[in-house]
Amino acid sequence: MPIAQVIQASKEFKSGDSIIVALKPSSMELETGKLTLIIGPSGSGKTTLLSLMGCVIYPTTGEVVIDGVRTSTLNANKMAHLRLNKIGFVFQQFNLIAPLSAEQNVMLPLTLMGKGQAEARKKAREAMEKVNMLHRAKSLPKMLSGGEQQRISIARALATDPPIMLCDEPTASLDTESAHTVMEELKMLANEGKAIAIVTHDMRLKPYADEIIYVSGGEISKNEIIQTI
Ligand SMILES: Nc1ncnc2c1ncn2[C@@H]1O[C@H](COP(=O)(O)OP(=O)(O)OP(=O)(O)O)[C@@H](O)[C@H]1O
Ligand SMILES: [Mg+2]
């Protein structure tokens, strides 16, 4: 069974008297162990699709099912709990907290979960090791390159060991070499069993994909499954 399912979900936003259709009824799934790219032009509905899957916004119609749970049945509290336990987020602008060290940033979601300091530190260090950043645990974000900051934000998303990782333009602020390092890390995490979705404009990321979903004009226009030999 897929770990995340968007089933005929749509999203409309009200803007004054008019209604903006950000996403027409669309369906897609994420599978454990696979890296899915979501590609499309600006304004096509990619972030909307990712936000629906991440339970950050509610669909206007349709349903989002995470790990077998129909999210429409959850209240805000239960939804927040599900988000914290099942989903890690990575953004274009790393969103690290400036006065906190890399390690303290990675510990944050664990502290939010109610873990004690010692356990949070242990898990944070394991997550940093996965993205080869343990040696920079004590550095402040400003002391790190863009690629390194992004790897720390991947570690932060990974710290709670969620089965799903959702990334919105994770390589857009990076040079080519750092972008490839970040993609190698994400691909490795998919190979180890995470379900990973990445929104991008960047066609250079295609070789990393197991599946590509093309979005245009607020709908999914094509779905391409990459056969690996
Ligand atoms: N909160 C909102 N209120 C009103 N309109 C919105 C809102 N969020 C998105 N939209 C509109 O929905 C459409 C799809 O937006 P979305 O952010 O999903 O596009 P995108 O494909 O991620 O674009 P980009 O590549 O520029 O990030 C756009 O026309 C956008 O203006
Ligand atoms: Mg977007």
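In helix H3 (residues 102-112), the residues Ala102, Glu103, Val106, Met107 and Leu110 meet Gln117, Ala120, Arg121, Lys123, Ala124, Arg125, Ala127 and Met128 of H4, where contact means heavy atoms within 4.5 Å. Sorted by character, the residues of this contact are eight nonpolar, one polar and four charged; here Ala, Val, Leu, Ile, Met, Phe, Trp, Tyr, Cys and Pro count as nonpolar, Asp, Glu, Lys and Arg as charged, and the others, Gly among them, as polar. The axes of H3 and H4 come within 8 Å and cross at roughly 115°, the axes being lines fitted to C-alpha atoms, for helices over the stretch in contact, with angles from 0 to 180 degrees between N-to-C directions.

Before I go on, please keep in mind that this is a predicted model, in which local features need pLDDT of at least 70 and side-chain atom pairs count only at pLDDT 80 or more, while totals for chains, interfaces and linings use all residues. Residues are numbered from 1 along each chain as its sequence is written, chains are lettered from A and ligands numbered from 1 in the order in which they are written, and side-chain values use heavy atoms, with hydrogens and water left out.

Moving along the chain, H4 (residues 117-130) packs against helix H5 (residues 146-158) at an angle of about 130°, with the axes 8 Å apart. That makes H4 oblique to H5, given that angles under 35 degrees count as roughly parallel, over 145 as roughly antiparallel, 65 to 115 as roughly perpendicular and the rest as oblique. On the H4 side, Ala127, Met128 and Lys130 meet Ile152, Ala155 and Leu158 of H5, and this contact divides into five nonpolar residues, no polar ones and one charged.

H5 also packs against helix H6 (residues 176-191), their axes coming within 9 Å and crossing at roughly 20°, which makes H5 roughly parallel to H6. The residues of the contact of H5 with H6 are five nonpolar, four polar and two charged.

Let me finish with the ligand. Which residues are around ligand 1? They are Phe13, Ile20, Ala22, Pro41, Ser42, Gly43, Ser44, Gly45, Lys46, Thr47, Thr48 and His201, each with a heavy atom within 4 Å of the ligand. A backbone N or O atom of Gly43 lies 2.7 Å from an oxygen atom of ligand 1, a polar side-chain atom of Thr47 lies 2.8 Å from an oxygen atom of ligand 1, and for His201 a side-chain N or O atom is 3.3 Å from a ligand oxygen atom.

Conventions:
Helices (H or I, at least four residues) and strands (E, at least two) are DSSP runs, numbered from the N terminus. A polar contact is a pair of N or O atoms within 3.5 Å; within protein, one must be able to donate a hydrogen and the other to accept it, and residues adjacent in sequence count only if both atoms are side-chain atoms.
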